[in-house]
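Student: I have a model open and would like to talk it through with you. Shall we start with the overall fold and then zoom in?

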Amino acid sequence: MATKGTFENNFNDYSEGTAITVLNETQDAISSKLQTKLQKYTDAKVHFLTTELASDIFYDNTVYTGSAGLALYYLMSALNKKETYTENLRNALLYLNINNLKGRRISFLCGDAGPLALATVISYKLGRDTTDLPDYKTLGQRLVSLMYLLNDSPDELLYGKSGYLYALLFVNKYIDERTIIPPHYIEKAQAHISANDMQTLIKPTLDWLVNQKLPSGNFPSSLKSASGDRLVQWCHGAPGFVPLLILAHQIFGDDKYMKTALQCGKVVWERGLSTKGYSICHGVSGNAYTFIQLYQATKEPIHLYRACCFTEWCCLERSGTELLPPERPASLFEGLVGRLCLARDLQNLPAAHFPAYTV
């Protein structure tokens, strides 16, 4: 079903007959044939990115539109593949510039916290093998010192406090020493929220959000949005609700959250081939992560199959399927790096997660 801003989805939906083309025999991973295709795609696109698009990589230092997005790609690739561990960590170093940070924004995606968090983890992982970065403890202290920006920052992920909290949680996940980020600095994370607050603050807010669902199963991009029921993308609409709903189901055990998440998946399958292109922010790659997340939660092969279909759409780059070329074609959230993350994550489902969003 095509609507304004989307292409008609002409993929055959899941069946055992269609799945055999992209999934393995047990339907719990992609086929070796598809894995080979994705590896060839990745090799070709990394070469293209680092040669013909090289000048655009350093548009800025951020994770969202700049070089730190590629650093994140290499860091996560290192953590997922032991054979090229050190090589990928050293590649990540090439795209970090922590000496020219602006000191104005606090978030992981669009501020100083992202490059500093990445540098802290990379320095820790490389240990004495690196001379290009300060000691990880020094870098961690620089990250913590950004706390002076909190009072003047909004609460959101892209530019504000939530984005800073993500950076702290990111470092804590990949560095075992809790002295780097003292626990009281992340006291508002899930493990530190009281049971009473979960029931009286968090759950009612979740329920209010669920009640904003449109009759189609999509969600509005904002309250009283002029776009109505038009947008189906990670940054606006049903795709961004899926990881929240899955987590809500895991925490509260209420089936309504998973039911709504599955409805969102149906919307994305029917209307998720965005005419805007292939980005993870507002394009088809971001929508493909909807199905990866649903597969991780349910282990139902229909979602893995659908993820494969959307990934194929992004990799084939058929003529006329990107009506809004990205302003930053070498970036993580608008450009090619996001597709590389998707191709990698589809090959390693247990470790797959939406970049810079799921810790």
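Student: How many helices and strands does the chain have?
Tutor: Happy to start there; this is a predicted model, where local features need pLDDT of at least 70, side-chain atom pairs count only at pLDDT 80 or more, and totals for chains, interfaces and linings use all residues. Residues are numbered from 1 along each chain as its sequence is written, and side-chain values use heavy atoms, with hydrogens and water left out. Helices (H or I, at least four residues) and strands (E, at least two) are DSSP runs, numbered from the N terminus. Every element in the order from the N terminus is α, and the count is 14 helices and 0 strands.

Student: What radius of gyration does the chain have, and why does it agree with a compact globule?
Tutor: The radius is taken over C-alpha atoms, and the globule rule is 2.2 Å times the number of residues to the power 0.38. Because 359 residues would give a compact globule a value near 21 Å, the chain agrees with its 20 Å.

Student: Is Thr18 buried or exposed?
Tutor: Thr18 sits in helix 1, residues 16-19. Buried means under 20% relative accessible area, exposed over 50%, and partly exposed in between (1.4 Å probe, protein chains only). Thr18 has 16% relative accessibility, so Thr18 counts as buried.

Student: Which residues does Thr18 touch, not counting those up to four places away in sequence?
Tutor: Contact here means heavy atoms within 4.5 Å. With those sequence neighbours left out, Thr18 touches Asn12, Asp13 and Tyr305.
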